[in-house]
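Subject: A structure to look through

Dear colleague,

I am passing on the structure we talked about, and my notes on it follow below. Please keep it open beside this email while you read, so that each residue can be found as it comes up.

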Amino acid sequence: MNTTQEQDNNNNDNVLIESNSSPTSASIAQLQSSSIKAKSDEFKARYTKGKRAQEIVCVVVFFALLAVSTQKMFTLYFVQNIWVFFIASLLAMIVADFFSGIVHWGADTWGTLDTPIVGNSLLRSFREHHVVPTQMCHHDFIETNGDNCMAVVPVLMFTAFSEIRDDRYDLFLLCFLVQLSFWIMLTNQIHKWSHTYKLPALIKFLQSSGVILSKRDHAIHHRNPFDKYYCITNGWLNPYLASIGFWKRLEEIITYATGAIPRADDLAWTGVDGDQQ
Ligand SMILES: [Zn+2]
Ligand SMILES: [Zn+2]
């Protein structure tokens with residue numbers, strides 16, 4: 001059973017419980033689609049013109065700063081220190097993958113749509129994604145990448161305008177931060193590709209070779225109750241973090257300290273009961 005079917009069935013279960021009747025297949029489908037549509041409409045209503053304008057500004061500023069920083073990176077003794085570039089590149093991909101896991105886990109696990117600052121942006125998109133996983137495939141470039149661009153603008157302002165000394169340590173820091181920003185910015189686009197059926201051959205190759213998140217790996221996250229494989233840049237860390245129960249241990253510490261229940265709001269939206277799995 002694929003993810004969309006799982007989601008549809010979960011919503012279907014809710015509707016059946018709420019209606020307390022024995023609907024026909026046709027009415028089940030109607031109730032099911034109206035339930036998903038109602039949730040989807042609420043998510044869309046929260047994507048305001050102000051939010052859209054903020055995202056456009058962030059995307060434009062991001063690419064301007066990336067251009068300046070990249071030009072700086074490739075003009076600073078690049079050939080002589082190619083190994084610095086490759087070590088920084090590898091580390092940037094690993095750290096970006098870990099950041100993607102932390103942010104995804106945090107957004108899936110805690111808070112609500114009314115949480116200040118992140119509720120109507122970050123949390124809204126993750127809640128919507130679990131209710132209608134393929135909805136993000138209808139988001140354009142701005143909506144897909146606006147938030148991630150905003151997150152790394154301060155880093156790129158540093159790399160674009162700070163003075164770089166003529167030594168390998170500064171070059172390493174510059175290469176690392178520029179590429180970290182690039183991969184963080186691209187993470188939601190990569191996530192979107194993992195849900196997209198028709199893709200260019202190059203993207204398929206990058207997925208199958210493991211350079212970016214593969215569809216197969218990400219499908220593991222979309223199994224109820226959405227509590228593992230949170231890393232969505234390249235997914236390299238997912239098996240290792242799963243093997244040590246990293247996210248579960250983190251949740252236990254936070255629940256112990258605050259009393260908060262992991263994924264309480266996400267379960268309310270998806271109508272998924274983890275015990276049913
Ligand atoms: Zn998720
Ligand atoms: Zn997904």
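**The main core**

The largest nonpolar core in this chain has 22 residues, and Phe62 and Leu180 are those with the most contacts inside it. Four helices, α3 (49-75), α4 (82-109), α6 (141-161) and α7 (168-193), each supply at least two residues of this core. The largest share, eleven residues, comes from α7. Please bear in mind throughout that this is a predicted model.

To see how one of these residues is placed, take Phe62: once its neighbours within four places in sequence are left aside, Phe62 is in contact with Cys149, Val152, Val153, Leu156 and Met185. Apart from the core around Phe62 lies another core, of eleven residues, which includes Tyr230, Cys231, Leu241 and Trp247. As general background, nonpolar side chains tend to be buried together in soluble globular proteins.

**The chain as a whole**

The chain contains twelve helices and zero strands. Of its 277 residues, buried ones make up 31%. If you consider the contacts with a separation of 6 or more, 69% of them are between residues 24 or more positions apart.

**How α6 meets α7**

Two packed helices are described by the angle between their axes and the distance between the axes. What are the angle and the axis distance for α6 and α7? They pack at an angle of about 180°, with their axes 9 Å apart. Because an angle over 145 degrees counts as roughly antiparallel, α6 is roughly antiparallel to α7.

On the α6 side, the residues that meet α7 include Asn148, Cys149, Val152 and Leu156, while the α7 side includes Leu177, Val178, Ser181 and Met185. Sorted by kind, the residues of this contact are eleven nonpolar, eight polar and one charged. Cys149, Val152, Leu156 and Met185 are also among the residues in contact with Phe62.

**Two helices checked against their span**

For α3, which has 27 residues, a rise of 1.5 Å a residue leads us to expect a span of 39 Å, and its end C-alpha atoms are 40 Å apart, which agrees. The buried residues of α3 are Glu55, Cys58, Val59, Phe62, Leu65, Leu66 and Ser69, and what covers them includes α6 and α7.

For α4, the 28 residues should span 40 Å by the same reckoning at 1.5 Å a residue, and the end C-alpha atoms are 40 Å apart, which agrees. Among the buried residues of α4 are Ala88, Ala92, Ala96, Asp97, His104 and Trp105. The elements that cover the buried residues of α4 include α5 (119-131), α7, α10 (238-243), α11 (246-258) and α12 (264-270). Just after α4, Gly111 takes a positive phi of about 80°.

Is Ile102, which lies in α4, buried or partly exposed? A residue needs 20 or more C-beta neighbours within 10 Å to be buried, and Ile102 has 13 inside that distance, so it counts as partly exposed. The C-alpha atom of Ile102 is 7.5 Å from that of Tyr230, although the two are 128 residues apart along the chain. Tyr230 belongs to the other core, of eleven residues.

**The loop between α9 and α10**

Three residues in the loop between α9 (215-221) and α10 deserve a careful look, namely Pro225, Phe226 and Tyr229. A cis peptide bond joins Asn224 and Pro225, with omega about 5°. Pro225 has 18 C-beta neighbours inside 10 Å and therefore counts as partly exposed. Pro225 and Leu267 are 42 residues apart in sequence, yet their C-alpha atoms are 8.0 Å apart in space.

Phe226 has a positive phi of about 55° although it is not a glycine, and Tyr229, which is also a residue other than glycine, has a positive phi near 55°. How many C-beta atoms lie within 10 Å of Phe226? There are 22 others, so Phe226 is buried, and Tyr229, with 23 C-beta neighbours inside 10 Å, counts as buried as well.

With best wishes

Definitions and conventions
Residues are numbered from 1 along each chain as its sequence is written. Chains are lettered from A and ligands numbered from 1 in the order in which they are written. This is a predicted model: local features need pLDDT of at least 70, side-chain atom pairs count only at pLDDT 80 or more; totals for chains, interfaces and linings use all residues. A nonpolar core is a set of buried Ala, Val, Leu, Ile, Met, Phe, Trp, Tyr and Cys residues joined through C-beta atoms within 7 Å. A residue is buried if 20 or more other C-beta atoms lie within 10 Å of its own, exposed if 12 or fewer, and partly exposed in between; C-beta atoms are placed from the backbone. Two residues are in contact if their C-beta atoms, placed from the backbone, lie within 7 Å. Axes are lines fitted to C-alpha atoms, for helices over the stretch in contact, and angles run from 0 to 180 degrees between N-to-C directions. Angles under 35 degrees count as roughly parallel, over 145 as roughly antiparallel, 65 to 115 as roughly perpendicular and the rest as oblique. Ala, Val, Leu, Ile, Met, Phe, Trp, Tyr, Cys and Pro count as nonpolar, Asp, Glu, Lys and Arg as charged, and the others, Gly among them, as polar. The expected span of a helix is 1.5 Å times one less than its number of residues.
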